[in-house]
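Here is a friendly briefing to read alongside the model. Please have the viewer open, and follow the topics in whatever order suits you.

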Amino acid sequence: MSWKSTPASADRLRAKLDDEFETVAKPQGLRRTSDARREKEADAAEDAAAEGKPERKGPSLKMRAVGYLSRREHAREELARKLAAYADDADEVEAVLDALEKEGWLSTERFAQSLVHRRASRQGAARIVQELRQHGVDDNQVAELRDQLRATEYDRALEVWKKRFDVKPADRAAYAKQARFLASRGFAHDVIRRILGDSDED
């Protein structure tokens, strides 16, 4: 009997080897596909981090905005800054803000009234007006709110002073200390003089 394989036996051997190769290769192929997918996702996350923007997962842009607004009132400009980190471009943010204003979720005017209400008992008109402008509140509304605050400035400053001192300054050093405190809260100098009196008093 010849040691050489017949053509038929050679075909059977090749078929058997092919079957074994497929059995081993298929799982490895699946693993390679899975590894490639994970690498692609990791690369996408790294690219997003490099651009300074979080990966686009989780709530939609509008849902994020509603979440912010459900906690407190926001000015349009303030909310736009917060949403910019989650948007692909500025137009996307503007479209969401327009929709929220139409639906009554977003109102810079309402935000301004809310801020004044929260700050008025502790701060003077100058400090509150500065904050309103930083948030992009319309100049006409700022002017109107400033006039309202100035009308009650003395009474509000007096209450703040009473809570902190409630005793007229005995000397110039004490006068300077109390005046600095009220000025740091944003109260007007003429109001401070009315409360503390003449700075030349001993």
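What follows covers confidence, the nonpolar core, one helix and the salt bridges.

This is a predicted model, and the mean pLDDT of its protein chain is 82. The largest nonpolar core has 15 residues, and the salt bridges come to a count of 11.

**Confidence along the chain**

- A pLDDT of 70 or more is reached by 70% of the residues in the protein chain.
- Residues 1-5 have pLDDT below 50, and in the model this stretch makes zero contacts beyond near neighbours in sequence.
- Residues 20-34 also fall below 50 in pLDDT, again with zero contacts beyond near neighbours in sequence.

**The largest nonpolar core**

- Within this core of 15 residues, the ones with the most contacts are W161, L182, F187, I192, I195 and L196.
- Two or more core residues come from each of the elements α8 (153-164), α9 (172-184) and α10 (189-196).
- W161 is a good residue to click on: leaving aside neighbours within four places in sequence, W161 is in contact with D166, V167, K168, Q178, L182, I195 and L196.
- As general background, nonpolar side chains in soluble globular proteins tend to be buried together.

**Helix α2 and its two sides**

- In α2, the buried residues are L61, A65, V66, Y68 and L69.
- These buried residues lie on the same side of α2, because the arc they cover around the axis is only 160°.
- M63, S70 and R71 are exposed on the other side of α2.
- The cover over the buried residues of α2 includes α3 and α4.

**Salt bridge between E103 and K62**

- The side chains of E103 and K62 form a salt bridge, with an N to O distance of 2.8 Å.
- This pair joins distant parts of the chain, 41 residues apart: K62 belongs to helix α2 (residues 61-71), while E103 sits in the loop between α4 (90-102) and α5 (108-119).
- E103 counts as partly exposed, at 45% relative accessibility.
- K62 is likewise partly exposed, at 32% relative accessibility.

**R76, E94 and their network**

- R76 and E94 form a salt bridge in which the closest N and O atoms are 2.6 Å apart.
- R76 lies in helix α3 (residues 76-84) and E94 in helix α4, so this salt bridge ties together parts of the chain 18 residues apart in sequence.
- Is R76 buried or exposed? R76 is buried, because its relative accessible area is 18% and the cut-off for buried is under 20%.
- E94 is partly exposed, with a relative accessible area of 35%.
- A network of salt bridges links R76, E94, D98 and E101.

**Salt bridge between D190 and R150**

- The closest N and O atoms of the salt bridge between D190 and R150 are 3.7 Å apart.
- Distant parts of the chain are linked here too, with D190 in helix α10 and R150 in helix α7 (residues 139-151), 40 residues apart.
- D190 is partly exposed, at 35% relative accessibility.
- R150 is partly exposed as well, with a relative accessible area of 38%.
- Helix α10 therefore appears under two topics: it holds D190, and it gives two or more residues to the largest nonpolar core.

Methods: Residues numbered from 1 in each chain as written. Predicted model: local features only at pLDDT ≥ 70, side-chain atom pairs only at ≥ 80, totals over all residues. Heavy atoms only, no water. pLDDT = per-residue confidence, 0-100. Contact = heavy atoms within 4.5 Å. Core = buried A, V, L, I, M, F, W, Y, C linked by side-chain atoms within 4.5 Å. Buried < 20%, exposed > 50% of the residue type's maximum accessible area, 1.4 Å probe, protein only. Helix = DSSP H or I, 4+ residues; strand = E, 2+ residues; numbered from the N terminus. Salt bridge = Lys/Arg side-chain N within 4 Å of Asp/Glu carboxyl O. Arc of directions from axis to C-beta.
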